[in-house]
Amino acid sequence: MSAFLIHSKDYSLPEIFLESQIKIAKPDKVSRFSFKDADFQELAGKIFNFSLFDGRTIYFLDNAEKLTKKEVAFIKERIDFNRLSGTYIFNLISKTYWLKTPYWENIKGLKIKELKFTAQDIVKYIKAVSYTHLRAHETVLDLVCRLLLE
């Protein structure tokens with residue numbers, strides 16, 4: 001299906017992005033994992049083996065900044081996201097994300113997206129994300145979305 005490496009300065013946007021992908025893909029299941037305290041080999045084995053059997057699943061993978069260059073290279077060498085059935089969202093949580101994103105370039109089937117609120121993004125997220133969800137994660141930036149909806 002698809003894969004994304006997402007990063008944002010606003011910590012509520014990854015959740016909003018996830019909800020928008022749920023509305024678009026209409027998965028049977030959403031599985032959340034974190035690389036924060038996990039063993040990479042074990043977690044990668046679970047995630048990529050599940051994908052062979054779980055048809056329409058979204059895998060939300062938090063703390064992608066914890067992966068080493070070697071671990072990202074492993075993904076780059078062995079995984080073609082175009083051939084897997086699930087949707088993968090790697091969430092890069094780092095104030096210095098621009099230092100980490102080059103390692104992720106040229107991974108087959110992976111799109112790198114910076115999540116931000118511009119006028120176009122607001123319209124895109126409003127169409128994809130529910131009003132209730134926007135209110136639940138309301139920040140100063142989200143207030144603009146609410147005012148546009150009202």
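**Exercise 1. Which residue with a positive phi follows helix 4?**

Solution. This is a predicted model, in which local features need pLDDT of at least 70, side-chain atom pairs count only at pLDDT 80 or more, and totals for chains, interfaces and linings use all residues. Residues are numbered from 1 along each chain as its sequence is written, and side-chain values use heavy atoms, with hydrogens and water left out. Helices (DSSP runs of H or I, at least four residues) and strands (runs of E, at least two) are numbered from the N terminus. Helix 4 covers residues 97-104, and the residue that follows with a positive phi, near 65°, is Asn106.

**Exercise 2. Find the buried residues of helix 4 and say how they are arranged around its axis.**

Solution. Begin with the term buried, which means under 20% relative accessible area, whereas exposed means over 50% and partly exposed lies in between (1.4 Å probe, protein chains only). By this rule Tyr97, Thr101 and Trp104 are buried in helix 4. Seen down the axis, these buried residues fall within an arc of 50° (taken from the directions from the helix axis to the C-beta atoms), so they line one face of helix 4. The general background is that an α-helix has 3.6 residues a turn, so residues three or four places apart point the same way. As a last step, look for the partners: the buried residues of helix 4 pack against strand 1, helix 3, strand 4 and strand 5, where contact means heavy atoms within 4.5 Å.

**Exercise 3. Check the length of helix 1 against the expected span.**

Solution. The expected span is 1.5 Å times one less than the number of residues. Helix 1 runs over residues 13-25 and has 13 residues, so its span should be 18 Å; the end C-alpha atoms are 18 Å apart, which agrees. Just after helix 1, Lys26 takes a positive phi of about 45°.

**Exercise 4. Describe the surroundings of Ser2 and of Thr57.**

Solution. Ser2 is found in strand 1, residues 2-8, and counts as buried because its relative accessibility is 13%. Not counting residues up to four places away in sequence, Ser2 touches Gly86, Thr87, Tyr88 and Lys111. Thr57, in strand 3 (residues 57-62), is buried too, with a relative accessible area of 3%. Leaving aside neighbours within four places, Thr57 is in contact with Pro27, Lys29, Ser31, Gly86 and Thr87. Finally, Ser2 and Ile58 are 56 residues apart in sequence, while their C-alpha atoms are 9.4 Å apart in space.
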